[in-house]
Amino acid sequence: MSEPISPDKVSRAVRAYFLAIRAMDPDAFANTFAEDGTTFDPVGTPGITGRDGIREFLESICKNFKSVGLTEDAVFVAGNGAAVKWTGKGTSSTGREVRFEGIDVFEVNEDGKIQNLWAYWNPAEMIAQL
């Protein structure tokens with residue numbers, strides 16, 4: 001990334017990402033990423049590159065829930081990115097309440113889209129509650 005990105009542009013990209021998750025909207029979620037954007041969710045798993053794969057990723061999560069969303073507890077914007085501490089809450093498709101936490105690290109491109117995302121959380125915690 002050659003040109004610095006404005007903090008406002010980074011904040012808008014991050015806000016759109018979390019709004020799309022809370023709306024359980026895979027299309028809006030995928031569109032927060034660059035066309036060649038990559039998510040490592042969680043870190044340590046193979047990255048998913050491209051909007052189609054990213055859309056399918058959120059669809060695969062949402063199918064287990066009546067409602068689910070992440071709320072930004074703290075957002076730290078620096079340079080072309082941000083780190084966000086978040087809390088996830090939802091109701092499983094069987095009616096069980098689920099709560100989990102994590103940190104996402106974003107790299108935003110010149111177009112205000114997420115180029116790379118590194119998600120630090122433990123899916124096993126969430127799955128055990130389903």
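# Close-up views of a predicted model

The residues lining the largest cavity split into 13 nonpolar, two charged and no polar ones. Keep in mind throughout that this is a predicted model.

**View 1. Here is the largest cavity, with a volume of about 180 Å³.** Its lining is made up of 15 residues, and those closest to the centre are Ile21, Asp41, Ile61, Leu70 and Phe100. Which elements each bring at least two residues to this lining? They are α1, α3 (51-62), β3 (65-78), β5 (97-108) and β6 (114-121). Helix α3 gives the most, with three residues. If you go looking for cavities of 30 Å³ or more, the count comes to one.

**View 2. Now we zoom in on helix α1, which covers residues 7-22.** From its first C-alpha to its last, this 16-residue helix reaches 23 Å, close to the 22 Å expected at 1.5 Å a residue. Seven names are worth finding along α1: Val10, Ala13, Val14, Tyr17, Phe18, Ala20 and Ile21 are buried. Why do they sit on the same side of α1? Because the arc they cover around the axis is only 160 degrees. Ile21 turns up again at the cavity, as one of the residues closest to its centre.

**View 3. Just past the helix, Met24 follows α1.** Met24 belongs to the loop between α1 and α2 (26-31). Its phi is near 55 degrees, a positive value in a residue that isn't glycine. Is Met24 buried or partly exposed? With a relative accessible area of 22%, Met24 is partly exposed, since the cut-off for buried is under 20%.

**View 4. Six strands make up an open sheet, shown here in the order β2-β1-β6-β5-β4-β3.** The pairing in this sheet is mixed. As a bit of background, strands of a sheet pair through backbone hydrogen bonds, and they can do so in parallel or antiparallel fashion. Which strands stand at the edges? Those are β2 and β3, and each has a single partner strand, so one side of each is left without a neighbour in the sheet.

**View 5. Strand β1 (residues 33-40) is the place to see a parallel pairing, with β6 as the partner.** Four bridges hold this parallel pair of β1 and β6. The other pairing shown here is antiparallel: β1 is joined to strand β2 (residues 48-49) by two bridges. Thr38 is a handy landmark for both pairings. Its bridge partner in β6 is Asn116, and its bridge partner in β2 is Thr49.

**View 6. The loop between β1 and β2 holds Pro42.** What is the peptide bond from Asp41 to Pro42, cis or trans? This bond is cis, with omega near 0 degrees. Asp41 is also a cavity residue, listed among the closest to the centre of the largest cavity.

**View 7. Strands β3 and β4 run antiparallel and are joined by 12 bridges.** To get your bearings, find Phe76, which stands opposite Ala83 in β4. Another pair to look for is Ser67 and its bridge partner in β4, Thr91. Two residues lie between the strands of this hairpin, where Gly79 takes a positive phi near 55 degrees.

**View 8. On to β4 and β5, an antiparallel pair with 11 bridges.** Follow Ala82 across to its bridge partner in β5, and you land on Phe106. The hairpin of β4 and β5 has four residues between the strands, and Gly95 takes a positive phi near 95 degrees there.

**View 9. Last comes strand β4 itself, made of residues 81-92.** Why is β4 largely enclosed by the rest of the structure? Because nine of its 12 residues are buried. One residue of β4 to pick out is Gly90. Its relative accessible area is 5%, so Gly90 is buried. For a sense of scale, Gly90 and Phe33 are 57 residues apart along the chain, and their C-alpha atoms are separated by 23 Å.

How values were computed. Residues are numbered from 1 along each chain as its sequence is written. This is a predicted model: local features need pLDDT of at least 70, side-chain atom pairs count only at pLDDT 80 or more; totals for chains, interfaces and linings use all residues. Side-chain values use heavy atoms; hydrogens and water are left out. The expected span of a helix is 1.5 Å times one less than its number of residues. Buried means under 20% relative accessible area, exposed over 50%, partly exposed in between (1.4 Å probe, protein chains only). The arc is that of the directions from the helix axis to the C-beta atoms. On a 1 Å grid over the protein atoms alone, a cavity is a set of points where a 1.4 Å probe fits but cannot get out, and a pocket is an open set with protein on both sides within 12 Å along at least five of seven lines; lining residues have an atom within 4 Å of a point. Grid points are joined across faces, edges and corners, and a volume is the space filled by probe spheres set on the points. Ala, Val, Leu, Ile, Met, Phe, Trp, Tyr, Cys and Pro count as nonpolar, Asp, Glu, Lys and Arg as charged, and the others, Gly among them, as polar. Two strands pair if DSSP finds at least two bridges between them.
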